[in-house]
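Trainee: I am new to this structure and would like a close look at one part of it, the aromatic rings and their surroundings. Could you take me through that part slowly, and then set it beside other local features?

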Amino acid sequence: MAQRRGGAWLERTMVVLMVSLGLTLDLASAQLRYSIPEELSVGTVVGNAAKDLGVDVGAVNARGFRIVSGSSEPLFYLNDGILHVNRIIDREEVCERISTCVLNVKTVLENPLEVHYVSVQILDVNDHAPTFTDNETHLEISESTSPGARFQLPGARDPDSDVFSIQQYKLSQNEHFRLEVKDRGEDGKIPVLFLHKALDKEAASSHRLQLTAVDGGKPARSGTVRILIHVLDVNDNMPIFSKESYTAVIEENSAVGTTIIQVNATDLDDGLNGEVVYSFGQNVNNRLRKIFDVNAITGEIIVKGQLDFEAKDRYEIDIKASDKGQVPFSTEKSVMIKILDLNDNEPEIEVTSFSSAVPEDSKPGRTVALISVNDKDSGVNGKVICSISEDVPFTLTPSLQENMYSLVTKSVLDREHVSKYDVTIVAKDAGEKTLSSHKTISVSVSDVNDNCPVFSTNPYSFYVQENNVAGGSLFSVSAKDRDEGDNALISYKIVRDGDRHKKLTTFLSINSETGDIVALKSFDFEAVKTFQFQVVATDSGTPSLSSNVTVHVFILDQNDNAPVILYPVSSNGSAEGVEEIPRNVHAGHLVTKVRAYDADIGYNGWLLFSLQEVSDHSLFGLDRYTGQIRTLRSFTETDEAEHKLLILVKDNGNVSLSATATVMVKVVEPKEAFAASDVQSAAKDDEDSDVTFYLMITLGAVSLLFVISIIVLIAMQCSKSTDYTSKYLQEPNYDGTLCHSIQYRSGDKRYMLVGPRMSIGSTIVPGSHANTLVLPDRRRTSEEIRPCPTYPRNQWRETQIRE
């Protein structure tokens, strides 16, 4: 036994070396083909598949080079592109009764998808010796048996194939028997004992022979069985079958107990010697005995186990007919049973390689998955048609390899429309009763940055109260991106390019993540009423996409400005003035008019006048809307010569702001009033000429011609008249003095105040009350010097001007 094992190990080693040197690449079929002996240890290298396929070794792992196997444990595995044995391979197990054992291994490379088939031929090793079922067999032969009779002997079994299977039988030397060998093809060689010389029970009642089965290995292996022949007397007729051959056809999956065929044999002897019983022949193996059974009385062959065409399409069974004689005679007949294929196998769908995510910008024709289908049935029953539903942007394209399909895109994908597809693959065979199977794979559409951020409103309009808290949030903008992930992550910024609103945008800050806009300083309605800027929303994709929106900001007025007294104003800037009127004036005489303005607009700038203090309520009255002070009655001798009036000016804001002005009214005789008026006029003229006087002193030596030129220039300026003054400011008693006018805007209207020239440093801001001058929409305040009608000194006059 030790010698036999040593010989087997030496033989296996030599075969391994020969196979390693004989590795071949089958270019004609675009496959790799390797040859290895059976029984190699786990981990043994079969071949460098990556190198032989021309795949870059460095890209093997990156491309996911792997073996696609079914549910059972694979026989091989790949490691860095090298094919290894995964478990010990017994050729007799994986390729039972097949002369050439070739295992097809399906391998897959990704990026791009490639399928390669590697054929591995498993070479037989003479690792089995022929064996007989029993160590000893008995034959009973009547002495009356004529020479030439044949008796089938039990055959040996050797799982090895080809030359390593049983090649010959040898019979020990004797004078009565010779050995014949019958070749049964797949079932191997069957030994038959040939009676060469008649037996004589009286000479020898038994004969001992030895049958040896020898395989084709080098060295050869063998097995023996002892044959004990008992010589019997009489019963000289053997059962004879009614047919020379028996053939039956039965459908696969037939029920257990179904009768396949009935054999019949007769024996010419009488009594027990002529009574026939049926049984399996000696060479029917246990596997067939589990599938079929024979009725010993009737000779019916019935189904005992599962018939599967895909496992085996035909069986040859030996049926033995024996009589019941004391020395029974028996005859064997082969029965051929053909299995008829039924459409009993559903098509199998296998996803060989699959890209679970496909970019939405993939062009039509991009491969998503490789799909193989298989049907174990034969003929039309095994013909498979594969399809998918039409409501998906994919299609199946058959490949050059039979029953292989590529799932490819057929139209443009849009993740924002559909982000995931469940693709159902249906495989149907062409059998009479069609069988089908389906498999659903989920294909996700990966995002590509193909959508710009979109603002919820465009443009934005926001209203902000003036005097807002610096650093507080004003408002926020928001944009959405239909993409996902980083492609939908939006950041915001304010455009600060050089435009007329750039100065204002420097006082704004935006949160790049939330879009909240913060003012770094308070706004003043009186300084700016509206402005606009642009905000850009940019996503984080590569490359990034952006969009912008215009933001209009309107500043809302608050009552934050107190009324300012324009008249009366004293030389020191206080709201005080002195007015002189003749004593002989009548009731309704205009004493003076208190003028004021409020920088606010609307109700916040609407001013009301009231008398807070007055020495004689019956003497003076104040118009609460115009600020005019008039006499209520004529003066009497008993009235005081001087009266003090305290006027309160307040706006109409929710929280009113106010200012006061003091007017001293002096009552004089008529002649004194005119004289005082002349004196005041002269004093005012002197005040107005102070600048010119100081200029003349400064210039000193300016020539008379230059002085004349200055005088002419002043005269020309005084005589100059605009359309407004020529239409509304000309009066018959115009004395040629310079007039000071202010144009201003409140809301959507423009206003003008006209009055005598004020002292240097004085400030006059127009209000929203008094007479209204409607002008075209001009934003800038203009100031000009023009001829002015003769008014009471230091008194402003509002004139309504229409275009």
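Mentor: What follows begins with the aromatic rings and then moves to other places along the chain.

Please keep in mind from the start that this is a predicted model. The count of aromatic pairs comes to 13. One of them is formed by F462 and F475, whose rings are stacked, with 4.0 Å from centre to centre and 5 degrees between the planes. This pair links distant parts of the chain, since F462 belongs to strand β34 (residues 460-465) and F475 to strand β35 (residues 473-476), and the two residues are 13 residues apart. Is F462 buried or exposed? F462 is buried, with a relative accessible area of 15%, because anything under 20% is counted as buried. F475 is likewise buried, at a relative accessible area of 7%. Both residues also belong to one aromatic cluster, which is formed by F455, Y460, F462, F475 and Y492.

Along the chain beside this cluster there is a backbone feature to look at, for the peptide bond from N458 to P459 is cis, with omega near 0 degrees. P459 has its place in the loop between β33 (454-455) and β34, and β34 is the strand that holds F462.

Rings in this model also have charged neighbours. The charged end of K521 sits over the ring of F507, at 4.1 Å from the ring centre, while K529 lies over the face of F525, at 4.8 Å from the centre of that ring.

From the rings we can turn to the cysteines. A search of the whole structure finds one disulfide, and this disulfide joins C95 to C101 with a distance of 1.9 Å from S to S. The torsion about the S-S bond of C95 and C101 is about 55 degrees, so the disulfide is right-handed. Both ends of the bond are covered, as C95 is buried with a relative accessible area of 6% and C101 is buried with a relative accessible area of 1%. Of two further cysteines, C386 is buried, with a relative accessible area of 11%, whereas C452 counts as partly exposed at 38% relative accessibility.

Next come the strands that pair with β8. Strand β7 (residues 102-109) is joined to β8 by eight bridges, and the two run antiparallel, with V105 standing opposite V118 in β8. These two strands form a hairpin with four residues between them, and N111 in the turn has a positive phi of about 55 degrees. Strand β8 (residues 114-123) also pairs with strand β2 (residues 31-37), in the parallel sense and over six bridges, and here Y34 stands opposite V120.

Another parallel pairing is found between β43 and strand β50 (residues 658-668), which are joined over seven bridges, and in β50 the bridge partner of E579 is V665. In a regular strand the side chains alternate between the two faces of the sheet. In strand β43 (residues 576-582) the covered face consists of G577, E579 and I581, and the uncovered one of E576, V578, E580 and P582.

Some loops deserve the same patience. A second cis peptide bond to a proline runs from K218 to P219, with omega near 0 degrees, and P219 lies in the loop between β14 (206-215) and β15 (222-232). N253 has a positive phi of about 65 degrees although it is not a glycine, and N253 is found in the loop between β17 (246-251) and β18 (259-262), where it counts as partly exposed at 35% relative accessibility. N403, too, has a positive phi, near 60 degrees, in a residue other than glycine. The place of N403 is in the loop between β29 (394-398) and β30 (404-409), and N403 counts as partly exposed at 23% relative accessibility.

Finally, there is an enclosed space to locate. The count comes to one cavity of 30 Å³ or more, and the largest cavity has a volume of about 40 Å³. The residues that line the largest cavity are F132, T133, D134, E136, T137, P154 and V225.

Conventions. Residues are numbered from 1 along each chain as its sequence is written. This is a predicted model: local features need pLDDT of at least 70, side-chain atom pairs count only at pLDDT 80 or more; totals for chains, interfaces and linings use all residues. Side-chain values use heavy atoms; hydrogens and water are left out. A disulfide is a pair of cysteine sulfur atoms within 2.5 Å. Buried means under 20% relative accessible area, exposed over 50%, partly exposed in between (1.4 Å probe, protein chains only). Rings of Phe, Tyr and Trp (its six-membered ring) pair if their centres lie within 6.5 Å; planes under 30 degrees apart count as stacked, over 60 as edge-to-face and the rest as tilted. A charge sits over a ring if NZ of Lys or CZ of Arg is within 6 Å of the ring centre and within 35 degrees of the ring normal. Two strands pair if DSSP finds at least two bridges between them. On a 1 Å grid over the protein atoms alone, a cavity is a set of points where a 1.4 Å probe fits but cannot get out, and a pocket is an open set with protein on both sides within 12 Å along at least five of seven lines; lining residues have an atom within 4 Å of a point. Grid points are joined across faces, edges and corners, and a volume is the space filled by probe spheres set on the points.
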